[in-house]
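Please open the model in a viewer and keep the selection panel at hand. The tour below proceeds from charged side chains to a sheet and then to two loops.

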Amino acid sequence: MTDADTTTATADWQAWQESWDRQQEWYLPDREERFRVMLDMVEALVGSAPRVLDLACGTGSITARLLARFPDATSTGVDLDPALLAIAEGTFAGDERVGLVTADLKDPDWPSKLPYDSYDAVLTATALHWLHREPLADLYGQVAGLVRAGGVFMNADHMIDETTPRINEAERAQRHARMDQAKRNGVLDWAEWWRLAAEDPVLAEPTARRYEIYGEHADGDTPSAQWHARVLRDKGFGEARPVWCSPSDTLLLALK
């Protein structure tokens, strides 16, 4: 490809968003229900025109659903992944309700890059499991400083109860059997999705930078919902508990 071809290359951002959704649903078949409950709780606790921080926003999955349901909302998306941010930037280009920030959540100074000092809601999904317990607890302390009094934080992620090993193993075996069948039917998994991104004229360069940052995948800890709730209360939230769960996933809400 020539330089001229590169400069004129464009991407179908909506198609990439949909492709990302399908890939994520392969892992999380209840993903849309989880988003619905998340936004229900946003509306219940901070109203229908919130200022939201989309933490580890990726392609902007939460932001897209937030704005579709609450047109008067605003969102700041923060992430470090160049490829996923490129999709978010393409998706929300020209939308003044959305701002995107490149920052490393393991950097203690990342909140200084945000356009606002406080938010009505901080939301995140399927993202913080790449952090280990100590940096995650530190991050929760920073989040507590960003959520206004009466505001909310919600984290939807894998939260494993290690006191139920037989239940965990049975659920995992069934889920993976279904995933294997779906993959045989042509569903893209994580590795295949990223292979296609690396071949896309627009996403190839940011995907290469993404692999320089993360490698193949970064796995941290998946402590129980009880651990998350306890740490969030220790870090300054008044209340914290699960508000939705599936056999493999939990949506935990903390109220400032």
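**Salt bridges**

A search of the whole structure finds 19 salt bridges, each being a side-chain nitrogen of Lys or Arg within 4 Å of a carboxyl oxygen of Asp or Glu. Side chains of opposite charge can pair when their charged atoms come close. This is a predicted model, in which local features need pLDDT of at least 70 and side-chain atom pairs count only at pLDDT 80 or more, while totals for chains, interfaces and linings use all residues. Residues are numbered from 1 along each chain as its sequence is written, and side-chain values use heavy atoms, with hydrogens and water left out.

Select Arg22 and Glu25, whose side chains form a salt bridge with an N to O distance of 2.9 Å. Both belong to helix α2 (residues 13-27), and because they are three residues apart, about one helical turn separates them. Helices here are DSSP runs of H or I with at least four residues, strands are runs of E with at least two, and both are numbered from the N terminus. Glu25 is partly exposed at 22% relative accessibility, and Arg22 is likewise partly exposed at 43%. Buried denotes under 20% relative accessible area, exposed over 50%, and partly exposed the range in between (1.4 Å probe, protein chains only).

Next, select Arg36 and Asp40 in helix α3 (residues 31-46), which are four residues apart, about one turn of the helix. Their side chains meet in a salt bridge at 2.6 Å, N to O. Asp40 has a relative accessible area of 26% and is partly exposed; Arg36, at 40%, is also partly exposed. Extend the selection to Glu33, Glu43 and Arg69, which are linked with Arg36 and Asp40 in a network of salt bridges.

Now select Arg210 and Asp81, where the side chains meet in a salt bridge of 2.9 Å, N to O. This pair links distant parts of the chain: Arg210 is in helix α9, Asp81 is in the loop between β2 (74-79) and α5 (82-91), and their positions lie 129 residues apart in the numbering. Both Arg210 and Asp81 are buried.

**Strand β4 and its partners**

Which strands flank the selection when β4 (119-125) is shown? Strand β1 (residues 51-55) is joined to β4 by three bridges, and the two run parallel; strands count as paired if DSSP finds at least two bridges between them. Select Val52 to find Ala121 of β4 opposite. Strand β5 (residues 147-157) also runs parallel to β4, with six bridges joining them. Here Val122 stands opposite Phe153 in β5.

Seven of the seven residues of β4 are buried, so this strand is largely enclosed by the rest of the structure. Add helix α6 (residues 133-146) to the display: β4, α6 and β5 make a right-handed β-α-β unit. Right-handed signifies that, with the strands pointing away from the viewer, the path from the first strand over the helix to the second runs clockwise.

**Two loop residues**

Select Asp200, in the loop between α8 (190-199) and α9 (204-214). Asp200 is buried yet has no salt bridge, the nearest side chain of opposite charge being Arg195, 12 Å away. Lys and Arg count as positive and Asp and Glu as negative, with His and the chain ends not counted. The side chain of Asp200 does reach the backbone nitrogen of Leu203, at 3.0 Å.

Finish at Asp109, in the loop between β3 (98-102) and β4. Asp109 is partly exposed, at 48% relative accessible area.

Conventions:
A polar contact is a pair of N or O atoms within 3.5 Å; within protein, one must be able to donate a hydrogen and the other to accept it, and residues adjacent in sequence count only if both atoms are side-chain atoms.
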